[in-house]
Amino acid sequence: MNFSRRPIIAVVTALANGFAEKELFGGIIAENKKNGYATVVISNIYNTVQQDDDLLCEQKIYDIARSADISGIILLCESFADENIRKRIASILKDIHIPTVGLGARLEEFESLGYTLFNTDDVGDIEDITSHLIEQHGFTDIDLLTGQQEFETSRLRADGYRNALKSYGITPDDNKIFYGDFWFSSGEQLADRYISGELRLPQAVLCANDVMAYGMLRRFSEAHIKVPDKITVVSYEYSDIRIFNTPTLTSYRRNRRSLGACAAKHLQCLIEERTPPAFVPPRGEFIYGGSCPCKADEEQLLTELRNAERRKNYTDLSLFSTMEHKLTLCRDMEGFIRIIRDHQWMIENKQDICLCLYSDWNESDTDGSEIMSAVSLHSGSSFEMRHLDLHTFFEHSRDAAVCYLNPLFSGQKLFGYMALMYSTSESYEDVYRHWLKSVSIGLEFLRLKNDIRYLISCQNVSEYRDSLTGINNLKGLRRAFQAVRVSDGKTLYFITLRTNIFPRQLNDEEIRRKTEAAIGTADAITRFCGNNDIMGRTDEDTFVCIVQSLAEPEMLSDLLTAVLLQESSYISYAGTSSFLCKAVPCGESSFDELLSLSSELINEELRQVAKLRRNKYYAEMLAVRNRVYSSPEITFEPDKDNCTFEHTESFRRNYKSCFGISFHQDCINARLAKAKFYLATTLLTISDISERCGYVDHKYFQRQFAASAGIPAMRYRNLING
């Protein structure tokens, strides 16, 4: 058998570093390695016990189970606490036609998979524990605390309790069986009932898992009820955090390692089309502590303490790691890889670790390409691979027994995954999960930095760019003006646009709308300038365009006005009479001289506009004018617009006194402004433009346009875009 092409068995789990999972992996990986199989463990990072929309992206890691490199799958059923995630896993595995086995309790969502399910003997193990209490300690008054009554696991453990009592001639009493939820609170609540006197204190309580027993021991300790002097507490399942409880819990250790080995051996037989051996559930053993009269196993306790100390030391060291801080500051992928390579020490006993990113990982609008770029943090070698090509990892790390795959993501963007390899049947600690979170956060920072640099053409935002709009600031405009070169036959013009010429008091909502209006204005002048001209914002309400054109200055300022009139975010905020625009030829003048000259021209016109605003009808006429320019294509009649004037003639007279133009001519100007916008910024035909501007006859439109602009519409387009 080609060692680099060993068949791969994948383990699909929601958690890869829990105590129970590690014991199962110990048996699976060792059995696979012994028989020439490689193991891949596919797991998420956060392992939430309930659905969280912000973390849905990490569930995409399970799509790796579709890889053609996988010969068989072991599903850790009970690790998936959320039924929606169980349904997603089931939908993936149902479409994969390879041998599959399950480990743990039977769950409804996985029933359609048709797999073989392996588990330890809940009934037999609980019988052993109950028999121990009766036979070794002479107890006959024993209560049982199990899980939810609707769970098969809870009922099986209750059956084991009843069977043991019957075998010793004790009649089971269902009133002494209490149903909880396999969590601390169940043990605490039952203990409270004993402490309060609601329930009589039995000789012993058998808890159907360790977690409920921990809750019970905590309450008894707080109430100064000595265990095991007053009551014995034992449990089932065993986990090595029992040393953090007083007294140390006596627990029955399920033989998970043998269970994992049995599942792996069975799956290998299915893959090789051999008849699997008959499955006999492996029996467990007692791990003695101080919560029952048996003598505690001092050597076992010492081993647990040393392991806990080692984990704590690594956790403490990780608190002082600067990796996350450095990752948020780095500016390129080379530096990023160097930082995470320097912090490999946080991952114990690994053989190798590979960062695997989709080739388009830094693009916000893509969802993972087929090709991945990978780099080994151990050797520094880089390679490309297809995202489901799992053999690649074992070709680069030939002695690896297992490869753990975990997602790297931010929000709804999956960057890729991390591949962690061990040569033995090990798994990682919580520190590695935090390490992965830091890598994901760092990738998102790096992606955003690259995205921003791209959007602003790699220029320094704070020095040359306006922070709100992204266009040039005053310093950027000066620099661009000095570098401009004028094409033959064209004239360079300096166009100043002043917005919000009559400012008003601002509350929080008005500030938000004004901000949106400023961004909209920047978009409008960007459309006006195109790709070859210069635009910028010199202060809060002043924008400058430096353009090369064959047109006259009045035509340019008129066009910029027409473009801004189509920008709804600005017009809806400030209105049609809220801005002034002036264009002057640059000649030999400096930037500051041109800015000063155009500002003086605007100030002069502003004084004239201010006089018109004193008209008592101005506000009402302005509302009418705003409606005209917002929909110029609609035929407008003043008496149809809720006009409060008695006679149309009065309305027209007041309109002209407010804006210096007749209402009829302003309606024409509104249509022609929209036409100029289309001529300058689109490739629409003259006929289409006339129709969009409300003209039934495009020939009539062309005559009216030529009369107003002084040149035909098509020549206007050629002149403006020339």
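Where does His224 lie? His224 is in the loop between H6 and S9. The model that shows this is a predicted one, and this loop is a convenient place to return to once the whole chain has been described.

The chain holds 24 helices and 20 strands. Its radius of gyration is 38 Å, well over the 27 Å that the globule rule gives for 722 residues, so the chain is more spread out than a compact globule. The C-alpha trace spans about 110 × 65 × 50 Å along its principal axes. Of the 722 residues, 53% are buried. Among contacts with a separation of 6 or more, 71% are between residues 24 or more positions apart. The exposed area of the chain is about 33,900 Å², and carbon and sulfur atoms supply 48% of it. The chain carries 82 positive and 100 negative charges, whose mean positions are 5 Å apart.

Back to the loop between helix H6, residues 210–222, and strand S9, residues 232–237, where Pro228 is also found. A cis peptide bond, with omega about 10°, joins Val227 and Pro228. His224 has a positive phi of about 60° although it is not a glycine. With a relative accessible area of 71%, which is over the 50% cut-off, His224 counts as exposed.

Glu237 belongs to strand S9 itself. Its phi is also positive, near 115°, in a residue other than glycine. Beyond S9, the loop that leads to strand S10 (250–253) contains Pro247. A cis peptide bond joins Thr246 and Pro247, with omega about -10°.

Helix H8, residues 298–319, includes Gln300. Gln300 is buried because its relative accessible area is 18%, and the cut-off for buried is under 20%. Leaving aside residues up to four places away in sequence, Gln300 touches Tyr238, Arg242, Arg253 and Ile287.

Further along are three strands joined through S13. Strand S12 (residues 352–358) pairs with strand S13 (residues 371–376) in the antiparallel sense, over five bridges. One bridge sets Cys356 against Ala374 in S13. S13 also runs antiparallel to strand S14 (residues 382–386), and five bridges join them. Here Ile371 stands opposite Arg386 in S14. S13 and S14 form a hairpin with five residues between them. In its turn, Gly380 has a positive phi of about 85°. As background to reading such strands, side chains in a regular strand alternate between the two faces of the sheet.

Notes. Residues numbered from 1 in each chain as written. Predicted model: local features only at pLDDT ≥ 70, side-chain atom pairs only at ≥ 80, totals over all residues. Heavy atoms only, no water. Helix = DSSP H or I, 4+ residues; strand = E, 2+ residues; numbered from the N terminus. Rg over C-alpha atoms; globule rule 2.2 N^0.38 Å. Buried < 20%, exposed > 50% of the residue type's maximum accessible area, 1.4 Å probe, protein only. Contact = heavy atoms within 4.5 Å. Areas by Shrake-Rupley, 256 points an atom, 1.4 Å probe, with all protein chains shown as cover. Lys, Arg positive; Asp, Glu negative; His and termini not counted. Charge placed at Lys NZ, Arg CZ, Asp CG, Glu CD. Pairing = 2+ DSSP bridges.
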